[in-house]
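Colleague: I would like the reasons behind the labels. Please set each value against its rule.

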Amino acid sequence: LSLSADGRVLVASDDANRNLAFGMPDGNPYAHVDFPRGGGSMTAAAFSLVGGIHVLCGYERGGVGLGEVVEQSYGPPRPQFTHTLPHSTAVVGERVYDVAFSPNADLFAVRYHSRVELWRRSASTPPSLVESYEGMGSADVVARKTLIFAADGKSMITAGYQGIYRCVIDL
C-alpha cells in the first residue's frame, strides 16, 4: 500500500491478488495495475514526484515494475509500467519486501530477503544495476519502510526484525 506524495494516487493489492490503483480522495478504483511478468500480489510500492509521478512496485514472486502515472484525456491518471527489472542474481522468484526512490529519483533500491539492489534510472535509458548489497535484506513482512534514503541521497539504510540496521554511505 502506498500513496503518492500529492495524494492523487494510491496503489494496493486486494484479497483476490489483484493489483489496484485508486483515484483519491474519493477512493474509487480506476485501474488494475497489470504486471507482465506475473509477479503475483504487490508487496511494496513507492512514488516519486520528481519530473512527474513515477511509481515503483515490487511483487511476491520477485518482479519489479517501474513506470509513471500518466494523465488521461478523460478520467483520472493511470499507472503505466515502462520497465520490468531482471533479477541480478540466480534467486528468481524471491519476494520483494520494500522499494524506495532516492530524493532526486535518479536512484532506487529494492529490498529482498538477503540483499538490497541499488539501481540507476534516467529518462533516456533503461534502469541499470549499480550494486547488489548481500546480507542487507530482511524477511520482515510486518515492518514498513525498512528501506530509506537520506534526504541528501548519499546514503541509504535498511532494518529488519532482527534489530540490525545496515547503512550504505556515499552512493
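The exchange below goes through strands, burial, cores and ring pairs.

Colleague: What kind of model is this, and which residues count?

Modeller: This is a predicted model: local features need pLDDT of at least 70, side-chain atom pairs count only at pLDDT 80 or more, and totals for chains, interfaces and linings use all residues. Residues are numbered from 1 along each chain as its sequence is written, and side-chain values use heavy atoms, with hydrogens and water left out.

Colleague: What makes β5 and β8 edge strands?

Modeller: Start with the order. The open sheet of four strands runs β5-β6-β7-β8, with antiparallel pairing. β5 (42-48) and β8 (78-84) each have a single partner strand, so one side of each lacks a neighbour in the sheet. Strands here are DSSP runs (E, at least two residues), numbered from the N terminus.

Colleague: How do you know that β6 and β7 pair?

Modeller: Two strands pair if DSSP finds at least two bridges between them. Five bridges join β6 (residues 54-59) to β7 (residues 64-70), so the rule is satisfied. L56 stands opposite L66 in β7.

Colleague: Which strands make up the order β9-β10-β11-β12, and what stands at its edges?

Modeller: That is an open sheet of four strands, with antiparallel pairing. β9 (98-101) and β12 (128-134) stand at the edges, each with a single partner strand. Six bridges join β11 (residues 115-120) to β12. L118 has E131 in β12 as its bridge partner.

Colleague: Why is R115 called buried?

Modeller: Buried means under 20% relative accessible area, exposed over 50%, partly exposed in between (1.4 Å probe, protein chains only). R115 has 1% relative accessibility, so R115 counts as buried. R115 is found in strand β11.

Colleague: What makes the pair R115 and E117 a polar contact?

Modeller: The rule asks for a pair of N or O atoms within 3.5 Å; within protein, one must be able to donate a hydrogen and the other to accept it, and residues adjacent in sequence count only if both atoms are side-chain atoms. The side chains of R115 and E117 make such a contact at 3.2 Å.

Colleague: And S48, buried or exposed?

Modeller: S48 is at 6% relative accessibility, so S48 counts as buried. S48 is found in strand β5. The side chain of S48 reaches the backbone nitrogen of V50 at 3.2 Å.

Colleague: What makes a nonpolar core?

Modeller: A core is a set of buried Ala, Val, Leu, Ile, Met, Phe, Trp, Tyr and Cys residues joined through side-chain atoms within 4.5 Å. The largest has 14 residues; among those touching the most other members are L56, V99, F101 and F108. β5, β7, β9 and β10 (107-111) are the elements that give two or more residues to this core. Another core, of 12 residues, lies apart from it and includes V9, V55, C57 and Y59.

Colleague: How do you know that F101 and F108 are edge-to-face?

Modeller: Rings of Phe, Tyr and Trp (its six-membered ring) pair if their centres lie within 6.5 Å; planes under 30 degrees apart count as stacked, over 60 as edge-to-face and the rest as tilted. F101 and F108 are 6.2 Å centre to centre, with 65° between the planes. So the pair is edge-to-face.

Colleague: Why is the pair of F108 and W119 called stacked?

Modeller: The centres of F108 and W119 are 6.2 Å apart and the planes are at 0°, so the pair is stacked. F108 lies in β10 and W119 in β11, so the pair ties together parts 11 residues apart in sequence. Both F108 and W119 are buried. Ring pairs link F101, F108 and W119 into a cluster.
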